[in-house]
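Colleague: I would like to go through the labels on this model with you. For each one, tell me what justifies it.

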Amino acid sequence: MIKKYIVILFLIWSGMGFAQDPDFHIYLAFGQSNMEGAAKIEPQDTMNLNERFKVLEAVDCPELGREKGKWYTAKAPLCRCKTGLTPTDYFGREMIKNLPENVKVGVINVAVGGCKIELFDQDNFQSYVETAPEWLQNMVKEYDGNPYARLVEMAKIAQKDGVIKGILMHQGESNTGDEEWPNKVKGVYDDLIKDLNLDPKKVPLLAGEMVSEEQGGACASMNEIIARLPGVIPNAHVISSKGCTAVSDHLHFTSEGYRKLGRRYAQQMLQLQGVEILERQAPEGFDTEQEDIPHGKIDSISYKSKTVGTTRKALVYTPPKYSKTKKYPVLYLLHGIGGDEKEWLRGGKPQVILDNLHAEGKIEPMIVVMPNGRAMKDDRAVGNIFDSTKVEAFANFEGDLLNDLVPFVEKNYPVMKNRENRAIAGLSMGGGQTLNFGLGNLDTFSWVGAFSAAPNTKTPQELVPSPEKAKNSLNLLWISCGDEDGLLPYSQRTHEYLAKNKVPHIYYVEPGVHDFKVWKNGLYMFSKMLFKPVDKTVFNDYSILGSTVATNVGKSKFPQILPNGKAMFQLKAPDASDVKLDLGRKYEMEHDGDGMWRVTTDSISEGFHYYSIIVDGVAIADPNSETFYGMGRMASGIEVPFKGDDYYALKDVPHGDIIMEQYFSPVLNSWRKFFVYTPPGYEKNTDEKYPALYIYHGGGEDERGWAQQGKTNLILDNLIAEGKAKPMLVIMPDGNMPVSAFDENGLKMFENELIKGIIPQVEKEYRVIKNPKSRALAGLSMGGIQTLYAGVQNTDLFSSLGVFSSGWIGKDNEIADGQYEFMTKNSAKINKNLDNFWISMGGERDIAYENGKRMISRFDDMGIRYTYSEYPGGHAWPVWRHDLYKFAPLLFTN
């Protein structure tokens with residue numbers, strides 16, 4: 001009986017494929033030369049490999065170190081040993097980019113250049129091969145004379161590991177003009193479904209077009225036959241080759257053409273799987289008129305304007321299959337300062353864009369009204385369009401719009417008469433009107449879209465005086481502009497205010513200037529989101545480009561920070577073969593084929609971060625960025641703005657100075673440097689003396705750390721101006737010693753230099769109060785250990801100690817044990833002398849966190865009084881700036 005159950009369980013286990021991983025998605029690929037891969041494999045195609053993307057080798061390739069029937073991380077070539085780049089390369093890359101991290105993708109590519117579809121007909125392939133040219137027969141031999149059988153053989157191996165999710169095909173050049181081709185493809189597809197026991201409803205066939213007519217495709221006529229395939233195979237889908245560049249033979253695609261085609265295969269497959277891909281830009285051909293789709297209609301209307309005292313004109317677009325018995329939402333679309341009601345029609349072809357969106361089912365049927373936004377009796381765009389009277393007329397249009405045009409439209413067209421079904425959008429001057437009128441009338445409009453808003457845009461505080469009301473009233477607020485548009489600052493200031501006040505909106509920056517290329521893309525992106533549910537959680541993911549950062553050099557466009565907190569970097573290095581970004585974590589940079597390397601990071605945290613670019617193994621500073629001494633060398637830095645960075649912003653307050661002081665150290669017998677911050681008024685108040693804070697940097701840095709990366713002057717300027725901190729001098733010395741800073745000799749040398757070198761020099765050259773109550777000592781990381789060593793044993797010199805992201809290293813530390821012994825014996829004196837013993841950490845991500853926790857536990861045992869502070873951010877400057885901001889107000893108050 002037991003044996004019987006064992007047999008049954010074994011059969012169940014075998015039949016269910018117990019070893020299958022449902023998160024390993026397998027795709028079969030077959031066809032002729034374009035699926036085989038005919039383009040050159042370029043460096044970018046073999047880098048940035050992801051172990052989640054696999055290839056099952058279909059032939060033995062000893063020169064590549066691959067064996068037939070085994071999985072490898074997908075690296076071109078993915079067909080046979082000496083083939084080229086194939087659509088499957090970028091199909092796989094695009095798939096894993098959009099699928100969850102737990103999903104792997106595997107491909108099996110069996111293709112033969114120059115073959116007809118008959119080669120994959122398992123019943124008749126032999127007769128076809130017998131009459132084929134010798135070169136084709138030689139390729140077929142690599143599959144033991146039967147490519148179809150090899151594909152099935154490999155697929156059955158793959159099914160032990162994962163689940164077949166789809167079939168990719170690119171074939172047809174050799175069958176051009178063959179009207180029976182769709183039926184022949186169906187025969188191959190049906191055989192695969194049967195032989196692999198697949199469900200045709202769950203395994204789609206994706207077939208790519210030949211090189212298109214626009215690219216001069218020699219077999220472009222075959223695309224008409226390929227288009228019939230979904231009528232023969234219900235689960236077949238055709239992948240467009242439009243815009244995929246071709247080589248000179250007009251049969252094969254370029255490397256970039258394969259990349260684009262491969263991504264399209266993936267995008268179609270993802271769509272079929274219900275994976276939503278965020279469309280971040282209008283696709284190619286979005287504004288090209290198509291004859292074989294339903295079209296809307298544009299009419300001219302006239303309406304009486306009580307506001308202007310005349311009859312005015314507007315254009316109205318009604319959607320395809322418009323019916324007066326149906327109710328529609330309405331979009332009011334405004335022009336720029338030099339245009340009129342026909343400007344969009346002349347330059348933007350909105351009817352074409354909207355018709356195409358309708359045909360693809362990407363847009364809600366809507367009525368679009370294009371008025372003349374110059375509300376005056378002579379509203380022609382003639383003469384001096386910047387005349388104050390004409391400019392004022394654009395502001396007057398608010399009354400005309402709300403009191404005359406909207407009521408006219410709602411009386412004469414079947415539109416829904418509520419704010420949820422009204423939208424307003426516009427370009428340039430019309431973009432400013434859109435923000436002014438839309439945000440000023442939230443009871444009328446809940447969809448607002450501004451493209452390249454002009455200087456007529458009100459200040460953000462005027463636009464959105466009540467952020468909470470805007471949050472509750474707006475379905476969508478869209479603000480877009482070209483990155484080379486001189487009007488970009490108007491959009492950026494509005495975005496920054498909205499972001500600060502947490503008003504959901506899309507801030508969309510794209511490559512471009514002040515022209516219709518940008519505005520048409522804006523109309524496409526905005527209109528397809530209207531009058532349907534929107535996911536506000538992805539608003540920050542739309543923008544193509546970001547904002548430049550304060551640490552960029554001159555007019556450098558990169559690095560940039562995207563609205564979602566990700567950063568974009570680029571470097572021109574045409575001769576490099578491998579480029580990485582080192583931002584604590586290393587990112588592979590992608591090569592665009594023209595010498596430019598680019599990468600977009602994950603979201604990065606607030607404030608200042610060091611980074612380098614590693615070019616062929618050598619770390620260099622980014623020429624686009626300011627450089628800072630950190631990481632033990634000159635490195636680049638990126639300043640990431642965030643909502644709470646106001647405490648070190650440059651403000652209209654009295655400012656102190658930072659002075660570089662050079663002196664000869666009697667302790668180290670060498671010339672040294674330190675920086676001094678003097679508070680506002682120091683030079684004028686020549687008799688006043690001030691307290692002094694001595695503050696030290698971390699390992700791999702020097703005296704420049706607090707003066708540059710630390711923003712010490714701005715933090716103190718703002719604190720003093722607000723009355724939160726006493727005016728003080730801040731001395732920022734070099735804590736590096738000729739010997740290791742972490743052994744007893746180095747720490748003793750530091751203590752001597754501080755007490756016998758730095759302090760006497762400062763008290764000689766600057767007006768400081770020479771008593772312990774007016775001295776404080778602090779440091780970060782390495783400087784924190786130095787502060788512990790020199791400060792705790794000299795509380796007769798300092799009244800406050802600040803230890804940032806530091807603590808004695810390790811559990812068994814002779815230096816620390818000596819300190820703890822001293823502190824135990826002198827705890828009463830330490831507690832009496834120190835007004836502040838302030839210890840801080842950057843949260844659990846701080847590399848000093850455990851050391852610090854262990855140290856303060858010992859302090860607790862000894863009865864040492866201290867104040868503990870924690871600010872999330874790890875072991876980095878954003879934490880240490882915040883430490884100074886919190887520590888400085890505590891000083892010199894007694």
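Modeller: Start with the lining of the largest cavity. By class, that lining has five nonpolar, one polar and two charged residues. Keep in mind that the model is predicted.

Colleague: Which residues line the largest cavity?

Modeller: Ala470, Lys471, Leu474, Asn475, Leu476, Leu477, Pro504 and Lys536. Ala, Leu and Pro count as nonpolar, and Lys counts as charged. Asn belongs with the others, so Asn is polar.

Colleague: Which elements each supply at least two residues of that lining?

Modeller: Helix α16 (467-473) and strand β14 (476-482).

Colleague: How many cavities of 30 Å³ or more does the count give?

Modeller: The count comes to one cavity. The largest cavity has a volume of about 30 Å³.

Colleague: Now the cysteines. What makes Cys61 and Cys81 a disulfide?

Modeller: The S to S distance is 2.0 Å. The cut-off is 2.5 Å, so a pair at that distance qualifies. The count comes to one disulfide. The pair links distant parts of the chain, 20 residues apart. Cys61 is in the loop between β2 (53-56) and β3, and Cys81 is in the loop between β3 and α3.

Colleague: Why is the disulfide of Cys61 and Cys81 called left-handed?

Modeller: Because the torsion about its S-S bond is about -90°.

Colleague: Are Cys61 and Cys81 buried or exposed?

Modeller: Cys61 has 0% relative accessibility, under the 20% cut-off, so Cys61 counts as buried. Cys81 stands at 14%, also under 20%, so Cys81 counts as buried too.

Colleague: What about Cys115, which is in no disulfide?

Modeller: The nearest cysteine sulfur, that of Cys79, is 10 Å away. A disulfide needs the sulfurs within 2.5 Å, so that pair does not qualify. Cys115 is buried, at 0% relative accessibility.

Colleague: How do you know that Cys244 is too far for a bond?

Modeller: Its sulfur is 16 Å from the closest cysteine sulfur, in Cys219. Cys244 also counts as buried, at 0% relative accessibility.

Colleague: On to strand β1 (residues 24-31). Why is β1 called mostly covered?

Modeller: Because eight of its eight residues are buried, and buried means under 20% relative accessible area.

Colleague: Which residues point which way from β1?

Modeller: Phe24, Ile26, Leu28 and Phe30 point one way. His25, Tyr27, Ala29 and Gly31 point the other way. All of them are buried. In a regular strand the side chains alternate between the two faces of the sheet.

Colleague: What makes β1 and β4 (residues 104-111) a pair?

Modeller: Eight bridges, in the parallel sense. Pairing needs at least two bridges, so β1 and β4 qualify. In β4, Val110 is the bridge partner of Phe30.

Colleague: How many bridges join β1 to β5 (residues 163-170)?

Modeller: Seven, and the two strands run parallel. Again at least two are needed, so β1 and β5 pair. Phe30 stands opposite Met169 in β5.

Colleague: Next, the backbone. What is the omega of the cis peptide bond between Ala76 and Pro77?

Modeller: About 5°. Pro77 is in the loop between β3 (71-73) and α3 (87-98). A second cis peptide bond joins Phe558 and Pro559, with omega also about 5°. Pro559 is in the loop between β16 (547-548) and β17 (560-561). Most peptide bonds are trans.

Colleague: Why are Asp616 and Asn669 picked out?

Modeller: Most residues other than glycine have a negative phi. Asp616 is not a glycine, yet its phi is positive, about 50°. Asn669 is not a glycine either, and its phi is about 55°. Asp616 is in the loop between β23 (607-615) and β24 (618-620). Asn669 is in the loop between β27 (657-665) and β28 (670-678).

Colleague: Why is Asn669 called exposed, and Asp616 partly exposed?

Modeller: Asn669 has a relative accessible area of 60%, over the 50% cut-off, so Asn669 is exposed. Asp616 has 40%, between 20% and 50%, so Asp616 is partly exposed.

Colleague: Last one. What makes the Ser452 and Trp519 side chains a polar contact?

Modeller: Their distance is 2.9 Å. The limit is 3.5 Å, so the distance fits. Ser452 is in the loop between β13 (447-451) and α15 (460-463). At 0% relative accessibility, Ser452 counts as buried.

How values were computed. Residues numbered from 1 in each chain as written. Predicted model: local features only at pLDDT ≥ 70, side-chain atom pairs only at ≥ 80, totals over all residues. Heavy atoms only, no water. 1 Å grid on protein atoms, 1.4 Å probe; cavity = no way out; pocket = protein on both sides within 12 Å on 5 of 7 lines; lining within 4 Å. Points joined across faces, edges and corners; volume = space filled by probe spheres on them. Helix = DSSP H or I, 4+ residues; strand = E, 2+ residues; numbered from the N terminus. Buried < 20%, exposed > 50% of the residue type's maximum accessible area, 1.4 Å probe, protein only. Polar contact = N/O pair within 3.5 Å; in protein donor to acceptor, adjacent residues only side chain to side chain.
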